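Me: Hi! I would like to learn how to read a protein model, beginning with single residues. Could you walk me through this one?

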There are 2 protein chains.
Amino acid sequence: MARRTEFFRRYDSSSGIQELMVDLDLALSGGKKMYMLGGGNPGRIPQMEDFFRAEMETLMADSDRFERALGIYDHPGGNVPFRSAVASLLRSDCGWDIGPENIALTQGSQNAFFLLMNLLGGKTEDGAQANIVFPMSPEYIGYEDVGIQAGTLKSFLPRVTLLDDARFKYEIDFQGLRIDESTGAVCVSRPCNPTGNNISDEQIQKLYDICSDQNVPLIIDAAYGLPFPGIVFDDSKPFYKPECIVILSLSKLGLPGLRTGIVVAPPDIVEKIEKLNSIFNLSCGGMGPALTRRSMESGELLQKCRDLLLPHYEKRRDLAVNMLISGLADKGLRIHESGGAFFLWLWFDAPLSTTELYRKLKESGVIVVPGKYYFPGLAEDFDHRDRCIRLSFSQDLDTIEKGIEILVDVANRELEKL
Amino acid sequence: MARRTEFFRRYDSSSGIQELMVDLDLALSGGKKMYMLGGGNPGRIPQMEDFFRAEMETLMADSDRFERALGIYDHPGGNVPFRSAVASLLRSDCGWDIGPENIALTQGSQNAFFLLMNLLGGKTEDGAQANIVFPMSPEYIGYEDVGIQAGTLKSFLPRVTLLDDARFKYEIDFQGLRIDESTGAVCVSRPCNPTGNNISDEQIQKLYDICSDQNVPLIIDAAYGLPFPGIVFDDSKPFYKPECIVILSLSKLGLPGLRTGIVVAPPDIVEKIEKLNSIFNLSCGGMGPALTRRSMESGELLQKCRDLLLPHYEKRRDLAVNMLISGLADKGLRIHESGGAFFLWLWFDAPLSTTELYRKLKESGVIVVPGKYYFPGLAEDFDHRDRCIRLSFSQDLDTIEKGIEILVDVANRELEKL
């Protein structure tokens with residue numbers, strides 16, 4: 001056992017994100033009151049919680065469905081009636097031309113990325129390498145290490161467009177983008193974690209056309225997107241075409257504990273996921289599908305997302321944006337256009353290190369995530385790396401208000417020192 | 001996308017077990033009544049189901065614990081209070097010298113094997129190969145393909161001891177066993193799936209001593225074993241030492257839908273699992289821990305396993321054994337000593353192909369699993385490969401009785417043809 005496997009070594013050194021997690025854990029486990037604007041946990045929404053509680057009561061009253069959810073191994077591709085229900089919903093609500101053969105479940109969407117990025121990225125049979133391309137940095141931190149073979153991620157610089165009212169927007173720079181025979185798959189989160197960006201309908205179509213020409217699958221991470229949880233504040237449309245792979249999840253609508261990811265993909269990819277699930281996991285969890293199938297079929301789940309979830313986040317988003325604009329816009333702060341998800345991406349257009357700002361904020365009782373972690377696969381210099389932070393607005397209003405008050409004070413102080 | 005990744009190709013061809021699953025699925029989805037003696041699903045035990053239902057009601061009545069189980073990402077190593085509860089139980093019930101730092105959860109025990117067998121087996125940094133050694137065939141079918149690098153499994157022939165009353169027992173042949181610098185880990189299931197074998201206390205101690213001398217971790221798959229679910233019919237003891245890795249599960253006590261595997265291991269392995277969970281899965285499911293923590297702490301879960309689960313399986317085991325002995329013992333059938341789990345391993349000591357017998361049984365309405373799938377990593381010839389079947393006795397008594405009646409008839413007919 002003295003010799004280590006390559007796999008062991010691949011996951012031996014602590015990653016940036018893990019260091020951060022340990023640091024956060026230490027900060028939060030101290031005695032001090034901390035305002036947590038850093039995490040990815042969805043907010044607790046009492047009316048949504050009441051709804052899920054009632055759904056559990058309904059499940060338990062429906063003959064032996066509760067017992068079957070606990071006691072029977074589901075199909076390795078996920079519960080079959082649930083997959084039909086999801087396909088129907090996507091067909092009727094989004095107009096996607098799909099059936100149950102296009103749906104596979106995974107144990108959370110993170111696991112879907114693990115499977116897909118290793119199926120489509122890494123060393124190829126002929127000894128070359130297939131890269132996973134992110135058309136635009138920044139991107140989701142969780143993609144960083146899912147590839148068993150390191151070094152397969154390739155990210156590109158965005159075009160930065162300045163907007164009125166201290167806003168800005170990243171857009172895909174199609175001039176710089178390279179999708180070619182070395183590309184195994186292209187991946188975007190939409191809405192984007194960490195920026196809240198919704199790649200425009202026009203840009204996503206153009207990206208798809210390029211992928212399609214090159215016969216490269218386009219993976220769209222819609223964990224925060226349409227149709228559910230539907231945390232989308234602008235009028236962008238959900239996107240799916242026959243060669244796309246769209247990843248959905250039950251986590252951000254309030255069920256992260258049930259680990260249910262949903263892959264919408266061509267049937268050959270769905271079969272592959274089924275197979276890998278059976279080998280790596282035997283089967284998927286049964287409780288997520290059991291708890292939500294009824295309301296997925298009736299349309300009630302979508303309605304709850306629209307009536308409860310979206311207003312919940314929109315209200316918090318507006319509060320956060322207004323406080324930040326009035327407190328810091330005249331000091332050079334710019335906020336990324338907030339199209340969806342429950343994060344704001346703040347860019348301090350000033351020679352301020354946000355790694356340093358993160359530390360100062362932590363000392364003052366506020367947790368955010370320094371932006372530098374959100375550039376997986378980007379080789380180029382980019383001054384946004386250490387000029388940005390991700391701020392979550394999923395928490396209760398008081399936490400957001402007090403947290404941002406402190407953030408505005410601390411950032412003002414730091415900016416004045418420059 | 002014309003070029004395939006090595007990972008894609010690794011999992012491209014259909015595996016034996018998958019062919020079998022498809023075949024079973026076809027058989028079971030036809031119109032014909034089938035007696036299912038093939039599966040690994042635990043039996044449905046009404047009193048256990050009542051118990052879990054009551055536990056869910058208790059959980060839902062306990063302030064917001066239900067909401068937290070659904071709505072909050074657990075620690076990537078698994079729910080922290082639950083891990084403490086498991087450690088306490090193992091300390092007090094089994095006398096193992098462990099604490100919470102020795103416990104990590106996974107999304108089912110299959111996923112624990114995926115993580116461990118890739119951490120400890122496969123290509124090493126110096127270009128050699130670390131093998132996963134099964135000291136004795138047959139072994140669990142599910143180990144076959146978890147290694148991302150194919151060809152790392154190495155299995156050894158057992159010593160076959162004939163016993164009275166048409167019984168026999170496989171034992172480790174320590175003369176033939178090679179554990180050396182090419183060994184990354186040693187793994188046994190105890191009780192064994194598929195044979196029901198409990199490696200004797202003496203043999204497991206000897207195996208551990210050899211591993212310990214070579215500084216190789218010994219992995220014990222106790223998914224069916226002690227202390228829970230505790231489907232153990234003889235007086236063998238649970239085994240754990242400081243350099244062991246023991247894998248437990250909530251599946252076989254009736255909760256496969258909640259995907260909760262438990263790794264008991266040295267702290268450095270636990271940290272590794274935590275890290276891989278966070279990268280591949282973000283976190284573990286929250287419902288298994290939430291539903292069982294109370295009864296894990298109070299000792300009630302163990303008591304239910306002893307009072308309800310064990311007698312349930314013992315009764316079925318006795319029925320099956322008696323019918324098989326009286327129907328086939330004089331024709332050359334031998335049954336492996338049934339030490340635990342809910343399978344019987346039948347060895348037809350006659351020139352009969354059990355692949356062929358499987359087909360005949362299927363035609364006659366009985367599903368079993370042909371033995372040939374249970375020899376992962378065995379290179380040697382071994383006439384047990386196609387002379388054995390695995391028979392599950394987890395189902396209701398009527399299924400077992402009718403199924404075995406047919407099996408006895410069909411096997412008698414086939415044996416008489418020889």
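Reply: Happy to! Take B:Arg190: with a relative accessible area of 6%, this residue is buried. The label fits because buried means under 20% relative accessible area. Keep in mind that this is a predicted model.

Me: Which residue forms a salt bridge with B:Arg190?

Reply: The partner is B:Asp201, and the closest N and O atoms are 2.8 Å apart. B:Arg190 sits in the loop between β8 (183-189) and α7 (201-214) of chain B, while B:Asp201 belongs to helix α7, so the pair ties together parts 11 residues apart in sequence. B:Asp201 itself counts as partly exposed, at 33% relative accessibility.

Me: How many residues apart in sequence are the parts that A:Asp145 and A:Arg10 tie together?

Reply: They are 135 residues apart, because A:Asp145 lies in the loop between β4 (129-134) and β5 (153-155) of chain A and A:Arg10 in helix α1 (residues 6-10). Their salt bridge has its closest N and O atoms 3.4 Å apart. A:Asp145 is buried, at 15% relative accessible area, and A:Arg10 is buried too, at 18%.

Me: Where do B:Asp398 and B:Lys402 lie?

Reply: Both are in helix α12 (residues 397-417) of chain B, 4 residues apart, which is about one turn of the helix. Their side chains meet in a salt bridge, 2.8 Å from N to O. B:Asp398 is partly exposed at 39%, and B:Lys402 is partly exposed at 34%. Salt bridges can also share partners: A:Arg9, A:Asp12, B:Glu125 and B:Lys272 are joined into one network that way.

Me: Now the two chains together. How many salt bridges are counted between chain A and chain B?

Reply: There are 10 between them, and the structure holds 44 over all chains. One that crosses from chain to chain pairs A:Glu6 with B:Lys123, at 3.8 Å between the closest N and O atoms. There are also 43 residue pairs in polar contact between the chains. On chain A's side, helix α6 (residues 109-120) gives the largest share, 7 residues. That side divides into 34 nonpolar, 29 polar and 21 charged residues.

Me: How much area do chain A and chain B bury between them?

Reply: About 7,200 Å², with 55% of it on carbon and sulfur atoms. The contact involves 84 residues of chain A and 84 residues of chain B.

Me: What rotation superposes chain A on chain B?

Reply: A rotation of 180 degrees does, with 0.0 Å of shift along its axis and an RMSD of 0.0 Å. That is the relation of a two-fold axis. The same surface serves both copies, as 100% of the contact residues of chain A recur in chain B.

Methods. Residues are numbered from 1 along each chain as its sequence is written. Chains are lettered from A and ligands numbered from 1 in the order in which they are written. This is a predicted model: local features need pLDDT of at least 70, side-chain atom pairs count only at pLDDT 80 or more; totals for chains, interfaces and linings use all residues. Side-chain values use heavy atoms; hydrogens and water are left out. Contact means heavy atoms within 4.5 Å. Buried area is the accessible area (1.4 Å probe) that two parts lose on being put together, summed over both. A salt bridge is a side-chain nitrogen of Lys or Arg within 4 Å of a carboxyl oxygen of Asp or Glu. A polar contact is a pair of N or O atoms within 3.5 Å; within protein, one must be able to donate a hydrogen and the other to accept it, and residues adjacent in sequence count only if both atoms are side-chain atoms. Helices (H or I, at least four residues) and strands (E, at least two) are DSSP runs, numbered from the N terminus. Ala, Val, Leu, Ile, Met, Phe, Trp, Tyr, Cys and Pro count as nonpolar, Asp, Glu, Lys and Arg as charged, and the others, Gly among them, as polar. Copies are superposed by least squares on the C-alpha atoms of residues with pLDDT of at least 70 in both. Buried means under 20% relative accessible area, exposed over 50%, partly exposed in between (1.4 Å probe, protein chains only).
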